[in-house]
Amino acid sequence: MRLRSKFIILIGLVVVVSYGITFYRTSSFQQQLVINQTIRQARMLHKQILLTRKWVAEHNGVFVMKGAGVESSPFLLNAEISDKMGQHYVKRNPAMVTRELSAYAQREGVSSFRVTSLLPLNKVNAPDDFERASLHLFEKGVPEVSKIQSGVDGKILRYIAPLVVESSCLDCHHDQGYVVGDIRGGLSITIPVDWAFASIARNNRLLLGIGIGTILIVGIIIFLMFEFLVGRRLGMLSLAMERYPEDGEVGELPRGADEVGQLAGKFGDLCARLTSSQGQLDRAREQVFQNEKLCALGRLTAGIAHEINNPLGGMQNCVKSMREDPDDQEMARRYLELLDKGLVRIGCTVRQLLNFGRREPLQLRRLDVDELVRDCFALIGHSLKGIELCLNLNLNQPYLVDGEALKQVVVNIGLNAVQAMPGGGGLTVHSATDESFIVLTFKDSGYGIETDNLDKIFDPFFTTKGVGEGTGLGLSITHSLVQRMQGLITVDSEVGQGTTFRIKIPQEAENKGAAC
């Protein structure tokens, strides 16, 4: 997952969690606020009902005109009276007034209330589960009990507070053994709050919609800000890192005084130092390769001095004889042919040395690889004294290769094999094709390479020869040249049995750089 996605997801989670917590706390606060307000309303209603009951009790009840639905109570003394005109009136005590007022309020959908007791005179006033539990709590000193319940029409607040016996209450309840100050029951009030919770739900849905919209807007703004200030600039820096050093240039880097700009500046400075160091390293490597090549050229030159001295000696004798007898035309004609052959031989030798020591870029052209191998061993032929050379060359056609690089590889491996057989031995060179590769195999019968050294022989300056006998760069240069030709070089060796180098190069390779 990219940094941009991680950052956006993290910010999104923070916003969502923060809003979720705020939304939950807001919703809980609203519900608690509604509950608290409803409890206060219940307390006020409770006081109003108590005042009404007290007024009725202090007036020993009230009489209302008897009519349909207004009947006398069988629980009251003197429950019904009549006036001189024959109109009948029925008595209403505080409990009955409370019950009838509750019926009026319930019809209006405002609230309902009633008196209840653990020992009711009227079974209608028997407590339900909530009221019974609350009445038991009153006996333990709890001043009031409230609870949100689910009713038939939705959520309701149940509130109940104790009814304390006063002197005016004893007129009706003296037979039950109550004294002033006793708790003889409770006044239970029910207030519907479903409308309030429905309003809260609507507000929550509105807040949720606003929150989702806010999160989307904030998310888009954060995304655009991150994309412009961080993501796009980091993308530029990443692209520059991917292209360097293949393109040779760092490319466009983000600018600015912030952390991304400072990082880009440091990367640009690093690339500049790397480019400078790489240039110095390439120049030093090319110089080392050329020096090693010249060292090999020096060894070749020292070895083939007699190839030049021998014809020069004969040519000097011819010139001396021609000076002594300038009139002998036959001798002059015969010696001129010898002089010509000697000069051609010397010219060929010098040309081979010049070609070997020349510094050219890798250049592919079609060459007879077998003939190139023969020329290389002809060049080092003076070093093959006591060594039986077997050339088993089977390519038999030209291939697209870099002649100068391949020539240096063959000479280096050949000289390395000669140095591994100071007392003489055998050297077999085999050429063949393997699918799209040219395979050259060099097998000598020298003293071999120890197993611990096999992984090191291509390292620069690694050598097992004595001081002054080698620089340790020949095989390293060979390995580098083979790689530049997109090839592969492997070695197998057994101490006392000899060494086999195997080179595989493509028959047609791309130009990968300069040869040294």
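Here are a few friendly notes on the structure above, which is a predicted model.

1. Let's begin with the overall make-up. The protein has 516 residues, and 36% of them are buried. Its fold is built with eleven helices and 14 strands, so you will meet both kinds of element as you look around, helices and strands being runs assigned by DSSP.

2. Next, look at how the chain meets itself. Take the contacts between residues at least 6 apart in sequence: 65% of these join residues at least 24 apart.

3. Now for the outside. About 30,600 Å² of the protein is exposed, and 57% of that area comes from carbon and sulfur atoms.

4. One spot on the surface deserves a visit. I217, I221, M225, F228 and L229 make a nonpolar patch of about 500 Å². To find this patch, go to helix α5, which covers residues 194-243 and holds M225. Is M225 buried, exposed or partly exposed? M225 counts as partly exposed, because its relative accessibility is 47%, and the partly exposed class lies between 20% and 50%.

5. Finally, a word on cysteines. A disulfide is a covalent bond between the sulfur atoms of two cysteines. How many disulfides are counted here? The count is zero. Two cysteines are still worth a look for their surroundings. C271 is buried, because its relative accessible area is 1%, and the cut-off for buried is under 20%. C390, by contrast, is partly exposed, with a relative accessibility of 39%.

Methods:
Residues are numbered from 1 along each chain as its sequence is written. This is a predicted model: local features need pLDDT of at least 70, side-chain atom pairs count only at pLDDT 80 or more; totals for chains, interfaces and linings use all residues. Side-chain values use heavy atoms; hydrogens and water are left out. A disulfide is a pair of cysteine sulfur atoms within 2.5 Å. Buried means under 20% relative accessible area, exposed over 50%, partly exposed in between (1.4 Å probe, protein chains only). Helices (H or I, at least four residues) and strands (E, at least two) are DSSP runs, numbered from the N terminus. Contact means heavy atoms within 4.5 Å. Accessible areas come from the Shrake-Rupley method with a 1.4 Å probe; for residues, only the protein chains shown count as cover. Patches are made of residues with over 30% relative accessible area and no salt bridge: like charges are joined within 9 Å, nonpolar side chains (Val, Leu, Ile, Met, Phe, Trp, Tyr) within 5 Å. A salt bridge is a side-chain nitrogen of Lys or Arg within 4 Å of a carboxyl oxygen of Asp or Glu.
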